[in-house]
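Trainee: I would like to learn how to read the enclosed and open spaces of a protein model, beginning with the one that holds a ligand. Could you take me through them?

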Amino acid sequence: MPEPTKFLLTEADVPSHWVNLLPDLPGEPLPPLNPRTGEPAGPGDLTPIFPMGLIEQEVSMEPEVEIPEEVQRAYGLWRPTPLYRARRLEAALNTPAKIFYKYEGTSPAGSHKPNTAIPQAYENARAGIQRLATETGAGQWGSSLAFACSLFGLGCEVFMVGSSYDQKPYRRSMMQTWGATVHRSPSDRTESGRSQSSHDTGSLGIAISEAVEVAAQDPDCNYALGSVLNHVLLHQTVIGQEAILQMEMAGEEPDVIVGCVGGGSNFAGLMFPFLRAKSGARIVAAEPAACPTLTRGVYHYDYGDTVGLTPMMPMYTLGHDFVPPPVHAGGLRYHGDAPMLCGLVKAGVVEARAYKQNDTFAAAVQFARTEGIIPAPEPAHAIRAAIEEAEAAREAGEERVILFGLCGHGNFDLAAYDAYLSGELQDPEFSEADMEAALARLPEAPAIA
Ligand SMILES: Cc1ncc(COP(=O)(O)O)c(C=O)c1O
């Protein structure tokens, strides 16, 4: 028998609960603040755009939350996802490290995003909502929500960040195939879009403002967010729970766990169950040097969107109206990050690193040429960090066990690969001056330690 490459679970192993890390975090959770009054935002602030089922999950202090049966059944379409041992990459790197990756690209939309799109569509349908509005950066979230809405009979309206809309026409085709309507953001359909028309490439922050505005004005329409919020991170914990079982099958425990961070959901989904299980692994977050929220941002209350319609959240931020340069990892072009993850970075539990676009594509191509899968540009950041860990293990002569999250495939990101392979891919500079200007416009809010 050759040594195993894949560690596979059966459908009976799809988790029955999500792991809620909120009660495990150090100190009292910092509340979101109402954007107008600056007072702690309660469930009443959220009911115009979210159903009560999700609001309850957002504030729950229960250590585990049961996954509804309908959601478990829908997860069964593609879960459990495989865990691989990257034997060929290890050989190419000539490293004694053992590299494992949890692959979420087997979902219908090609990434981890349906893990939360499904329960979000389910709770909204249960609450009698007819339609969901959302933003999408890379197109992965928009297509996941379009897919989930099609399963639960909901309409879906997607504001797609302008630069991604231009780079990824087939992501738009996927969304339309699942029945969604797609607008290039900034659009002229909303006040928020019109006010930001000078930023033609758009940003996640602008697209969020547009979708929130649409949802807030229509009682039959709610808003859905693909990252950042507690309930989104909660839903993604199916990833880490499965990975724990699969690492056990492999007879290994990770020394280091690596993931990419845009808003923090795939990363949290992988690592939260390991933190709950008191894993001693080092935890490394990889982000783009062009949008270095965790490595260069300030820890402060800020809005989740550009215009300031969402509650203020305690997070590392580059400033809500900072417009990051248009890198291909559109899902990582966000000015802030999940408050739960930011708290862990602040507490020193998670280490953050930033990588330039060309370095991440070099890692992605090396991965594709050894392991076969063409990664999305977002997890290419995690691959870059995992390779760095494997090289450090080689230098130290250490049998380090590395686990990373391969949260999506790049089959619709080939324009980015074309640019890299033809030597035309840029490394857009992060502008310190633009960040300083955006930070000067942070909302007034209590300082956080
Ligand atoms: C493939 C992929 N990875 C990562 C991300 C970043 O989001 P998060 O940090 O919430 O996982 C996105 C977001 O769109 C994505 O599409």
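The dialogue below goes from the ligand to the cavities and then to the pockets.

Mentor: A word on the source comes before the features. This is a predicted model, in which local features need pLDDT of at least 70 and side-chain atom pairs count only at pLDDT 80 or more, while totals for chains, interfaces and linings use all residues. Residues are numbered from 1 along each chain as its sequence is written, and side-chain values use heavy atoms, with hydrogens and water left out.

Trainee: How many residues surround the ligand, and which are the closest?

Mentor: A residue is near a molecule if one of its heavy atoms lies within 4 Å of it. Here 16 residues surround the ligand, and the closest are Ser227, Gly262, Gly264, Ser265 and Asn266. For the classes, Ala, Val, Leu, Ile, Met, Phe, Trp, Tyr, Cys and Pro count as nonpolar, Asp, Glu, Lys and Arg as charged, and the others, Gly among them, as polar. On that scheme the shell has five nonpolar, nine polar and two charged residues.

Trainee: Which atom of serine 265 lies 2.6 Å from an oxygen atom of the ligand?

Mentor: A polar contact is a pair of N or O atoms within 3.5 Å; within protein, one must be able to donate a hydrogen and the other to accept it, and residues adjacent in sequence count only if both atoms are side-chain atoms. For serine 265 a polar side-chain atom lies 2.6 Å from a ligand oxygen, whereas glycine 262 places a backbone N or O atom 2.7 Å from an oxygen of the ligand, and glycine 263 does so with a backbone N or O atom at 2.9 Å. The protein covers 98% of the 390 Å² of accessible area that the ligand has on its own, by the Shrake-Rupley method with a 1.4 Å probe.

Trainee: How many cavities does a search of the whole structure find?

Mentor: On a 1 Å grid over the protein atoms alone, a cavity is a set of points where a 1.4 Å probe fits but cannot get out, and a pocket is an open set with protein on both sides within 12 Å along at least five of seven lines; lining residues have an atom within 4 Å of a point. Grid points are joined across faces, edges and corners, and a volume is the space filled by probe spheres set on the points. The search finds five cavities of 30 Å³ or more, and the largest has a volume of about 360 Å³. Of the 30 residues that line this largest cavity, the closest to its centre are Lys113, Gly226, Ser227, Gly263 and Gly331. The space taken by the ligand is this largest cavity, where a molecule sits in a cavity if more than half of its atoms lie within 2 Å of its grid points. By class, its lining has 13 nonpolar, 14 polar and three charged residues.

Trainee: Which element gives the most to the lining of the largest pocket?

Mentor: Helices (H or I, at least four residues) and strands (E, at least two) are DSSP runs, numbered from the N terminus. The largest pocket holds about 770 Å³ of space, and of its 40 lining residues the closest to the centre are Leu30, Pro32, Asn230, Pro314 and Pro339. Helix 15 gives the most to this lining, with five residues, and the classes are 30 nonpolar, seven polar and three charged.
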